[in-house]
Structure formats: C-alpha cells, structure tokens
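Visitor: I am new to reading protein structures, and I would like to look closely at one part of this one. Could you take me slowly through a place where two helices meet?

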Amino acid sequence: MTEESPPRRKSRTPQTPVQRALGLLVRREHSRKELTRKLAARGVDAEEAASAVERLAGEGWQDDARFAEFLVRSRANAGYGPLYVRAELGTHGLAGEVVAAAMDGFEGDWTGIARDLVRRRFGPAGPADLAQRRKAADLLARRGFDGEAIRAATRWDPDD
C-alpha cells in the first residue's frame with residue numbers, strides 16, 4: 001500500500017506591489033499611511049510600496065477623504081464619540097483638512113449616539129441614581145464624548 005502525496009498547488013507568479021495593495025483595498029478602505037505600512041510588513045520595499053499607493057491614489061482606488069468618512073461612520077456606529085474618532089483619525093497620518101472635512105460631514109447626532117449607548121448599558125430608563133450616572137459619564141468620557149453630550153445622555157427624560 002503506497003501513500004499518495006497531497007495534490008500540489010500550482011505555483012503562482014508573485015504579486016506586484018500594486019496588486020497586493022489593491023487586494024487590501026478591496027477588503028476595506030485604508031489610509032495611505034496604513035496601506036504603505038501593511039505593504040512593508042508583507043515584504044514590499046518601502047519605495048515600491050509608496051509608489052504603488054501613489055498610483056492607486058491617482059487612479060481613485062485609494063482616497064484618504066473616503067477612508068476618513070468611512071472611519072467616522074464606522075466608529076460612530078460602534079458607539080464612539082467625536083473626541084475618540086478625531087484622535088484615531090490623527091493616528092492614520094491624515095491631513096488636518098481631511099480630518100476636519102470628515103468630522104464636519106458626519107450627519108449623525110453625537111448626543112443621540114451617547115444616549116443610545118447609555119440606554120444599552122443601563123436600560124430604557126437610563127441611570128437610576130448618582131452612582132450609575134457617574135458610571136455612565138465615565139463610560140462616555142472613555143468613549144470620547146464631550147461634556148455637553150455626557151450631560152445630555154446621563155440626564156434625560158426617557159419619553160424624549
């Protein structure tokens with residue numbers, strides 16, 4: 001009885017840096033800095049990675065403004081506030097005007113997001129006493145909400 005060897009995979013031609021970057025971009029949006037870093041982590045030369053990212057940006061596949069808008073929506077939907085989101089955008093190497101445009105273009109209600117988060121954690125009636133209001137305020141502060149949104153979310157009428 002002889003053992004059969006497992007079927008061999010067909011050898012692929014190595015992907016170019018542009019193909020690798022495009023493969024990352026079809027999964028989700030990336031900033032230029034993030035895409036360049038990911039390509040370098042996959043063994044692509046830094047100059048080739050920068051060139052590939054520049055080419056894809058020129059062809060419209062990569063766009064920092066679109067990435068910033070995506071990140072703002074994504075983090076807001078996950079229950080994070082504007083201070084957290086702005087700080088995270090800053091870690092992606094985005095220009096100040098791109099960050100400002102993405103934050104200004106967000107059509108959601110930060111106070112409403114804060115209230116929804118408090119309702120999910122403390123029930124539809126909201127925080128019942130001072131200790132729970134403090135816990136709710138701490139949660140919202142950690143999530144990046146400003147003082148005005150925190151006050152509105154921890155002291156509201158459930159019939160709103």
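Guide: What follows is a walk through one helix pair, with a short look at a pocket afterwards. Please keep in mind that this is a predicted model, in which the protein chain has a mean pLDDT of 90, with 90% of its residues reaching 70 or more. The pair consists of helix H4, which covers residues 64–77, and helix H5, which covers residues 82–91, and the two pack at an angle of about 145° with their axes 10 Å apart. As H4 passes H5, the crossing is right-handed. On the H4 side the contact is made by Ala-68, Leu-71, Val-72 and Arg-75, while H5 contributes Tyr-84, Val-85, Glu-88 and Leu-89. Sorted by class, the residues of this contact comprise 6 nonpolar and 2 charged ones, with no polar residue. Among the elements of the chain, H4 has the highest mean pLDDT, at 96, whereas helix H1, residues 17–27, has the lowest, at 92.

For the pocket, turn to the largest one, which holds about 190 Å³ of space. Its lining includes Arg-12, Gln-19, Arg-20, Leu-24, Arg-27 and Arg-42, and by class the whole lining has 2 nonpolar, 4 polar and 4 charged residues.

Note on methods: Residues are numbered from 1 along each chain as its sequence is written. This is a predicted model: local features need pLDDT of at least 70, side-chain atom pairs count only at pLDDT 80 or more; totals for chains, interfaces and linings use all residues. Side-chain values use heavy atoms; hydrogens and water are left out. Axes are lines fitted to C-alpha atoms, for helices over the stretch in contact, and angles run from 0 to 180 degrees between N-to-C directions. Helices (H or I, at least four residues) and strands (E, at least two) are DSSP runs, numbered from the N terminus. A crossing is left-handed if the near helix is turned anticlockwise from the far one by less than a right angle, and right-handed if clockwise. Contact means heavy atoms within 4.5 Å. Ala, Val, Leu, Ile, Met, Phe, Trp, Tyr, Cys and Pro count as nonpolar, Asp, Glu, Lys and Arg as charged, and the others, Gly among them, as polar. On a 1 Å grid over the protein atoms alone, a cavity is a set of points where a 1.4 Å probe fits but cannot get out, and a pocket is an open set with protein on both sides within 12 Å along at least five of seven lines; lining residues have an atom within 4 Å of a point. Grid points are joined across faces, edges and corners, and a volume is the space filled by probe spheres set on the points. pLDDT is the predictor's confidence in each residue, from 0 to 100.
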